[in-house]
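Let's take a walk through this one together, starting with the empty space and ending with the rings. Keep the viewer open as you read.

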Amino acid sequence: MSIKPTDSLSLGVFKTSQGWCAAVWTDKGLSVLVIPEVTKEKALQKVMSYLPPLPADFWNKPLGSVPVLIQQETKKALAGKKFKAVPVDLFFMTRFQQAVLSATAKIPWGQTRTYGWIAAKAGSLRGFRAAGQALNRNPVCLLIPCHRVIAGGSKLGGYGGDLNWKIRLLKLENVGLKRASDGSYKVI
C-alpha cells in the first residue's frame, strides 16, 4: 500500500440540506466522503480518521472545490434518491478492503445484503467479521452504501457513521424496518 504525494490529493467541503460534508479526492476518484456534520470544522476533522498520516502541507493547503458530480450524487443519496456510482481511489486501503467496498457498491438501491454475502463476493467465504471491519472503515460510506449491509438474521448490525444514519438511510430507500422490544432493529 503506497501513499501518494500529498499534491495529488485535494480536500474540500460543501453544504447539504443536512449539514457540511468533507471530501478528499485525486484525479482518479473520490477517496473520502464524510457524511454531514454540523460545522465545516467537524467535517474536516473527521476526514483525518479515514486517511493514513499525511504531512502537514496537505492539511495546510487551501480547500479545493469539490467536484460537482460528488456533490450531486451525495445530495441525491441524502435525499433517498437513486444515485450514480462515482469513481473512487481508495489507494490507502488493502486489496481485501477494496474488494469488500467494491462488492458493497454493487448492492442495488432499496436492497440489503449480509456481511457474509459481502465477504464471499470479496473472496473470503468465512471472512464476514473482516468484511465488517472493512465496512466500519469505509471512507466513502454514503456513496459506497454500507448502510445496505446487515447482519445475519436480518439484524441491522453496526454502522461506522452512527447507527441512526443507517436507519435513516435505509428508511429513505424504503427498506422495511421493525423495532424489536429490546430497541434493536431488523429488516423486514
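The largest pocket comes in at a volume of about 320 Å³. To find the middle of it, select Ala85, Val86, Ala105, Leu143 and Ile144, which are the closest to the pocket's centre among the 20 residues that line it. Colour the whole lining by chemistry and you get 14 nonpolar residues, two polar and four charged.

Before going further, a word on how far to trust what you see. This is a predicted model, and the protein averages a pLDDT of 93, with 96% of the residues scoring at least 70. Among the elements, strand S2 (residues 19-25) has the highest mean pLDDT, 98, while helix H2 (residues 56-60) has the lowest, 91. As a rule of thumb, wherever pLDDT is low, don't read the predicted coordinates in detail.

Now for the cysteines. How many disulfides does the structure hold? The count is zero. Why doesn't Cys21 form one? Its closest cysteine sulfur belongs to Cys141 and sits 9.4 Å away, which is too far for a bond; a disulfide needs the two sulfurs within 2.5 Å. Cys21 itself is buried, because its relative accessible area is 0%, and the cut-off for buried is under 20%. Cys146 tells a similar story: its closest cysteine sulfur is also in Cys141, here at 5.2 Å, and that too is too far for a bond. With a relative accessible area of 6%, Cys146 counts as buried.

Last stop, the aromatic rings. Searching the whole structure turns up two aromatic pairs. One is Phe58 with Trp59: the ring centres are 4.7 Å apart and the planes meet at 80 degrees, so the pair is edge-to-face. The label follows because planes over 60 degrees apart count that way. Is each partner buried or partly exposed? Phe58 is buried, at a relative accessible area of 1%, whereas Trp59 is partly exposed, at 26%. Both residue numbers fall within helix H2, residues 56-60.

Phe91 and Phe92 make up another pair, with centres 5.1 Å apart and planes at 85 degrees, so this one is edge-to-face as well. Here Phe91 is buried, with a relative accessible area of 10%, and Phe92 is buried too, with 8%.

Terms used:
Residues are numbered from 1 along each chain as its sequence is written. This is a predicted model: local features need pLDDT of at least 70, side-chain atom pairs count only at pLDDT 80 or more; totals for chains, interfaces and linings use all residues. Side-chain values use heavy atoms; hydrogens and water are left out. On a 1 Å grid over the protein atoms alone, a cavity is a set of points where a 1.4 Å probe fits but cannot get out, and a pocket is an open set with protein on both sides within 12 Å along at least five of seven lines; lining residues have an atom within 4 Å of a point. Grid points are joined across faces, edges and corners, and a volume is the space filled by probe spheres set on the points. Ala, Val, Leu, Ile, Met, Phe, Trp, Tyr, Cys and Pro count as nonpolar, Asp, Glu, Lys and Arg as charged, and the others, Gly among them, as polar. Buried means under 20% relative accessible area, exposed over 50%, partly exposed in between (1.4 Å probe, protein chains only). pLDDT is the predictor's confidence in each residue, from 0 to 100. Helices (H or I, at least four residues) and strands (E, at least two) are DSSP runs, numbered from the N terminus. Rings of Phe, Tyr and Trp (its six-membered ring) pair if their centres lie within 6.5 Å; planes under 30 degrees apart count as stacked, over 60 as edge-to-face and the rest as tilted.
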